[in-house]
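Here are my notes on the model, set out point by point. Please read them with the structure open.

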Amino acid sequence: MDSDDETLGSPPPASPSEDQLEDDFQWFEEVVERNETAYRVYRDLWKEFYVWEQEHCLTTLSRLSREPFVRPPPLPEPLTDNYRNTSVAGNEDSEWFTIVDMEPGGYKRYTTTVSCEPFVAGPMTPYPRYSACTPSSKNVTVIGEPHVRARFAPFADDENFDLNTYLTHFEDFMWQNEFPDPDLEMIQIEVARRLHFKHNFTFDEIDNLGILTFRLRESNSEGLIWYSAQRDYAWWPGSQTNELQHLRTNWVDPHLDLYQNVTKDLISFCPNLNCLHTSCGIHKVINPVFPPKPTLTADMIKSAGGTPCKKDCYKSIEPDNINMTNNHWDKADSSLFKSVMKLAPDTSPCDLAVICRKPCVEMYVERLNFFKDEDIATGDHEESRVPLKEILFLEETEDVLITAVDPCYHLGACNQFSDCACYHNRQRCQRSCRCSKKCEIRYKGCRCGHRGNKSTPCCVDLRSCECRRLNRECDPELCRGCDARSKSPIGFQPYSLCIKLRVLGAHKVKCQNTDLQKGRFVQIRIQESAFGLGAFATSSIRKGSYIGEYTGEMAKDNIGSYLGPMQKHTGLNYTFDLTNDNITANASAVLLDSWDIGNETRYLNDSKDLKEPNCKALPLHVNGVHRIVIYARECNLALNDPSESKVIYTEMLGCDFFPAPIRNREVTDIKPNTELTLYYGPNYWRDH
């Protein structure tokens with residue numbers, strides 16, 4: 001029985017050897033020593049910083065102090081008085097002053113009596129009330145409630161402003177919570193620098209100490225290193241240790257493969273020609289990236305033309321003689337190959353051999369194992385072969401000017417069977433959509449310039465240019481025939497003037513429909529007007545010339561309820577409503593407000609009490625973005641019969657056509673010093 005217990009029972013745990021105990025003890029001592037080193041560095045830097053800060057503050061404040069006043073010594077006696085009377089005759093209301101002058105270097109004293117006649121000033125007109133804003137040449141998209149934390153308390157000294165009601169729209173003030181101490185960040189970033197470069201601590205070891213407020217690196221835009229790079233710190237001696245390097249702010253995640261590194265920024269990259277950078281502040285649309293699908297089978301790659309790259313090229317080897325496995329590949333080799341296949345699945349094995357630094361026959365074998373021919377043969381999307389159900393796009397109608405629809409991203413073609421937001425909201429796919437460039441509902445551009453003399457100006461009016469008819473500016477990528485990509489400084493010109501310029505040899509560009517995207521605006525002046533501040537012409541403005549772009553914060557459905565109390569208190573409202581009530585179910589209204597962000601066009605007043613407006617506001621589709629341009633009224637495009645041409649006029653807080661008497665009346669060029677006005681429309685005054 002005892003023998004059975006010894007056989008079936010588990011063996012007792014082996015006791016650690018003396019060498020193992022010695023190693024563990026030595027490791028423990030090293031950990032304790034490194035921890036003590038880190039705490040000592042932190043403690044010393046803390047003391048060093050605050051000793052320096054106290055002396056620095058005292059020195060800085062002492063520079064602002066004045067020398068103490070020293071009373072001059074008494075004058076010696078006797079003094080000679082020479083009295084000089086003034087010749088100014090005063091009256092009962094005059095104010096009299098006596099001035100005593102001492103002769104330089106002498107003892108003579110001169111006394112002068114002067115009088116000051118009172119002046120009664122008339123009533124002074126205060127400067128018109130206005131709201132300052134951050135100047136911006138672009139719109140900024142607002143997602144959700146734009147301002148959930150109050151930046152300051154406006155009109156705090158005005159008893160007529162209901163500040164308590166205004167503050168109910170915010171959670172708190174921006175400086176109340178989660179405000180990082182810049183002094184503490186300066187100390188901790190220097191602690192991390194010394195531990196890393198002087199004491200050979202890794203970032204993980206520093207983070208595991210638990211002595212820093214934030215981890216050093218959370219991502220490429222988070223962590224103590226990133227936060228410290230977002231502010232300008234004061235110079236202090238402790239951070240000027242020249243023998244040590246500075247922590248690098250740029251960082252790439254070492255755990256990402258090639259495909260993830262290439263596509264991680266594509267998710268937030270804005271392909272719009274107005275931006276062309278990541279994380280733009282205008283669109284803020286995150287689109288998933290769909291890898292391209294292979295279209296070439298193994299037989300198609302094998303039978304592809306071209307000479308073999310080497311003697312042992314896969315093209316010159318019989319299939320039966322090819323080893324169909326690459327067991328000698330390591331994890332890094334497989335990861336690189338898979339990343340390249342996701343980016344460019346139809347790359348030839350010979351080209352893959354150069355990229356992956358492997359024989360092309362191994363590239364051929366690995367592709368056979370990665371893509372199955374049966375999957376490639378049936379990989380076509382059936383819905384792409386289904387006839388597209390014709391729809392009437394919103395830009396072809398006069399019901400809706402702008403609706404907010406995010407760029408589409410989905411598998412398959414953009415049609416009635418897909419989840420294409422553009423199709424279902426009757427809008428054309430735009431540049432930032434992730435669908436194919438051959439998408440049937442993408443705008444194809446105008447055909448101007450493909451016919452006639454190449455030097456003849458084109459895209460001049462609604463009749464000849466498809467882009468102008470649809471309230472679009474010509475797209476440099478799509479409108480190739482009209483040369484929309486040109487960098488000509490000449491902007492919009494009436495057709496008759498274009499002919500004169502061409503004859504004189506001064507006109508070198510055909511396309512006349514790119515003024516907004518190239519910033520061709522006239523100069524205006526902001527000054528007092530009959531309605532507060534207004535915009536005035538500094539020179540003669542030709543009809544059709546662009547005054548400027550109305551910019552601000554663009555939001556769906558709601559700009560921000562916090563603006564209501566300030567608009568009511570000041571009587572100022574800078575909101576454009578770019579839609580009407582007839583919008584599709586999935587689309588949202590678009591509001592553009594320049595209270596916080598805008599430019600000089602926000603000062604154009606309404607023509608309510610004037611004869612008629614001399615400017616118009618028109619939404620234009622520019623490189624995939626709706627933008628509002630304000631330009632001088634022109635008559636050659638506004639016909640007596642609205643059905644003859646589509647001319648849409650936008651009003652503030654509503655959309656409507658101009659009244660017929662205004663639309664059909666002749667308008668001359670705007671003269672210098674004339675106030676520029678818009679037609680706000682009846683909805684504006686009804687709602688305000």
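Is Glu549 buried or exposed? At 4% relative accessibility, Glu549 counts as buried. Keep in mind throughout that this is a predicted model.

1. **The partner of Glu549.** Glu549 meets the side chain of Arg627 in a salt bridge, at 2.8 Å from N to O. Arg627 belongs to strand β19 (residues 625-632) and Glu549 to strand β12 (residues 546-550), so the pair ties together parts that are 78 residues apart in sequence. Arg627 is also buried, because its relative accessibility is 11% and the cut-off for buried is under 20%.

2. **A salt bridge between loops.** Arg633 pairs with Glu612, and their closest N and O atoms are 3.8 Å apart. Arg633 sits in the loop between β19 and β20 (650-651), while Glu612 sits in the loop between β17 (605-606) and β18 (615-622), so this contact ties together parts that are 21 residues apart in sequence. Arg633 counts as buried, with 4% relative accessibility. A salt bridge needs the nitrogen within 4 Å of the carboxyl oxygen, and the 3.8 Å of Arg633 and Glu612 is therefore accepted.

3. **A salt bridge inside one helix.** Glu466 forms a salt bridge with Arg469, with 2.8 Å between the closest N and O atoms. Both residues lie in helix α14 (residues 466-469). They are 3 residues apart, about one turn of the helix. Glu466 is partly exposed, at 32% relative accessibility. Arg469 is partly exposed too, with a relative accessible area of 29%.

4. **The salt-bridge total.** How many salt bridges does a search of the whole structure find? The count is 14. Glu190, Arg193 and Arg194 are linked in a network of such bridges.

5. **Cysteines without disulfides.** The structure holds 0 disulfides. Why is Cys408 not bonded to Cys433? The sulfur of Cys433 is the closest cysteine sulfur to that of Cys408, but at 3.7 Å it is too far for a bond. The cut-off for a disulfide is 2.5 Å between the sulfur atoms. Cys474 is in no disulfide either; its nearest cysteine sulfur, that of Cys459, is 3.5 Å away. Cys408 counts as buried, at 3% relative accessibility. Cys474 is buried as well, at 0%.

6. **Cys356 and helix α10.** Cys356 is located in helix α10 (residues 349-356). Its relative accessible area is 10%, so Cys356 is buried. Val340 is 16 residues away from Cys356 along the chain, and their C-alpha atoms are separated by 8.7 Å.

7. **Helix α11.** Is helix α11 (residues 360-370) mostly covered or mostly open? Mostly covered: 8 of its 11 residues are buried. The buried residues of α11 are Cys360, Val361, Glu362, Met363, Tyr364, Val365, Glu366 and Arg367. Charged side chains are on that list, including Glu362, Glu366 and Arg367.

8. **A positive surface patch.** Which residues gather in a patch of positive charge on the surface? They are Arg40, Arg43, Lys47 and Lys198. Arg40 lies in helix α2 (residues 18-63). With 37% relative accessibility, Arg40 counts as partly exposed. Patch members need over 30% relative accessible area, so Arg40 clears that cut-off at 37%.

9. **A nonpolar surface patch.** Phe152, Met174, Trp175 and Phe179 make a nonpolar patch of about 480 Å² on the surface. Phe152 is placed in the loop between β6 (149-150) and α3 (163-167). Phe152 counts as partly exposed, at 46% relative accessibility.

10. **Thr202 in its loop.** Where is Thr202 found? Thr202 is in the loop between α4 (182-197) and α5 (203-209). Thr202 counts as partly exposed, with 39% relative accessibility. Its C-alpha atom is separated by 9.5 Å from that of Ala192, and the two residues are 10 residues apart along the chain.

Notes. Residues are numbered from 1 along each chain as its sequence is written. This is a predicted model: local features need pLDDT of at least 70, side-chain atom pairs count only at pLDDT 80 or more; totals for chains, interfaces and linings use all residues. Side-chain values use heavy atoms; hydrogens and water are left out. Patches are made of residues with over 30% relative accessible area and no salt bridge: like charges are joined within 9 Å, nonpolar side chains (Val, Leu, Ile, Met, Phe, Trp, Tyr) within 5 Å. Accessible areas come from the Shrake-Rupley method with a 1.4 Å probe; for residues, only the protein chains shown count as cover. The place of a charge is taken as NZ of Lys, CZ of Arg, CG of Asp or CD of Glu. Helices (H or I, at least four residues) and strands (E, at least two) are DSSP runs, numbered from the N terminus. Buried means under 20% relative accessible area, exposed over 50%, partly exposed in between (1.4 Å probe, protein chains only).
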